[in-house]
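Got the model open in your viewer? Let's walk through it one selection at a time, beginning at a hairpin and ending at a helix.

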Amino acid sequence: MSGFNLLHLISKSQPVALRPCGLPSGTCRTKKTWPVSFSQEELKKRLTPMQFHVTQEKGTESAFRGELTDNKEDGIYTCVVCGAPLFTSDTKFDSGSGWPSFFDQIKEESISQTNDFSYGMHRVETTCSQCGAHLGHLFDDGPKPTRKRYCINSASLAFLPGDVAASSAPAKDTVDGAAGSSSSGGKTEF
């Protein structure tokens, strides 16, 4: 009996059937068709090695090392792969976790959620709903009003400063689809 199933005996919940997977994180990417897709070759050319590892291989960057972890500017955080708007700076907070944390997404359809049973525990994985890029995980220990903490890898995000975001993106309630973005620090421009 695996340690994972023993955990369920102790917690008295039903064991979950795990599927074999080739990803290093132990989670499985479904064969979902995303509205926006890119070839792996194109992404390897366009993204940094860390961005590719995080978004395509479900990797995690080191805590407190991400470029946007301590960012306090007003603006919009977008998907580094497709440019879809994900979060606004007014929902970002310092969780002390070492990764950018947000208590709400820009709109309900911005992010897809899937169960992640890697490393012998249950978490909720967050992915971009437009291109399927791995973003991070969702936890229920955030601040009011949502009590949610979207713990997101900085490498999966690009940032549009407030002045750029205001001139190129629609209002929060009317954001639809992917928007163009440029990431800071001399990285890829979309």
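Start with strands S6 and S7, which make a hairpin with 5 residues between them. In that turn, pick Gly 132: its phi is positive, about 80°. Strands here, like helices, are DSSP runs numbered from the N terminus (H or I of at least four residues for a helix, E of at least two for a strand). A quick word on provenance: this is a predicted model, where local features need pLDDT of at least 70, side-chain atom pairs count only at pLDDT 80 or more, and totals for chains, interfaces and linings use all residues. Residues are numbered from 1 along each chain as its sequence is written, and side-chain values use heavy atoms, with hydrogens and water left out.

**Stop 1: both sides of S7**

Select 123–128, which is S6; this strand and S7 pair in the antiparallel sense over 4 bridges. Two strands count as paired if DSSP finds at least two bridges between them. Click Thr 127 and look across to His 134 in S7, its bridge partner.

Now turn to the other neighbour. S7 and S8 are also antiparallel, with 4 bridges, and here Gly 136 stands opposite Ile 152 of S8. Is S7 buried or exposed? Of its 6 residues, 5 are buried, so S7 is largely enclosed by the rest of the structure. Buried means under 20% relative accessible area, exposed over 50%, and partly exposed in between (1.4 Å probe, protein chains only).

**Stop 2: the whole sheet**

Widen the selection to the 6 strands of the open sheet, whose order is S3-S4-S8-S7-S6-S5 with antiparallel pairing. S3 (92–93) and S5 (111–116) are the edges; each has a single partner strand, so one side of each lacks a neighbour in the sheet.

Zoom out for the full layout: the chain has 4 helices and 9 strands, running α-α-α-β-β-β-β-β-β-β-β-β-α from the N terminus. Of its 190 residues, 45% count as buried. If you like contact maps, take the contacts (heavy atoms within 4.5 Å) with a separation of 6 or more: 59% of them join residues 24 or more positions apart.

**Stop 3: the core**

Next, show side chains for Cys 79, Val 81, Phe 87 and Leu 157. These have the most contacts inside the largest nonpolar core, which has 23 residues. Such a core is a set of buried Ala, Val, Leu, Ile, Met, Phe, Trp, Tyr and Cys residues joined through side-chain atoms within 4.5 Å. S1 (75–79), S2 (85–88), S7 (134–139), S8 (149–152) and S9 (157–161) each supply at least two of the core residues.

Stay on Phe 87. Leaving aside residues up to four places away in sequence, Phe 87 touches several others, including Tyr 77, Phe 102, Ile 111, Tyr 150, Ile 152 and Leu 157.

**Stop 4: the rings**

Which aromatic residues form one cluster? Select Tyr 77, Phe 87, Phe 102, Tyr 150 and Phe 159. Rings of Phe, Tyr and Trp (its six-membered ring) pair if their centres lie within 6.5 Å; planes under 30 degrees apart are stacked, over 60 edge-to-face, and the rest tilted. That rule gives 4 aromatic pairs. One of them is Tyr 77 with Phe 159: centres 4.8 Å apart and planes at 50°, so this pair is tilted. It links S1 to S9, across 82 residues. Tyr 77 is buried at 0% relative accessibility, and Phe 159 is buried at 4%.

Then compare Phe 87 and Phe 102, with centres 4.1 Å apart and planes at 10°, so they are stacked. Phe 87 lies in S2 and Phe 102 in S4 (101–102), so the pair ties together parts 15 residues apart in sequence. Phe 87 is buried at 0% relative accessibility, and Phe 102 is buried at 0% too.

**Stop 5: the helix side**

Finish with 49–57, helix H3. Its buried residues are Gln 51, Phe 52, Val 54, Thr 55 and Gln 56, and their cover includes H2 (40–46) and S7. Just after H3, check Lys 58, which has a positive phi of about 55°.
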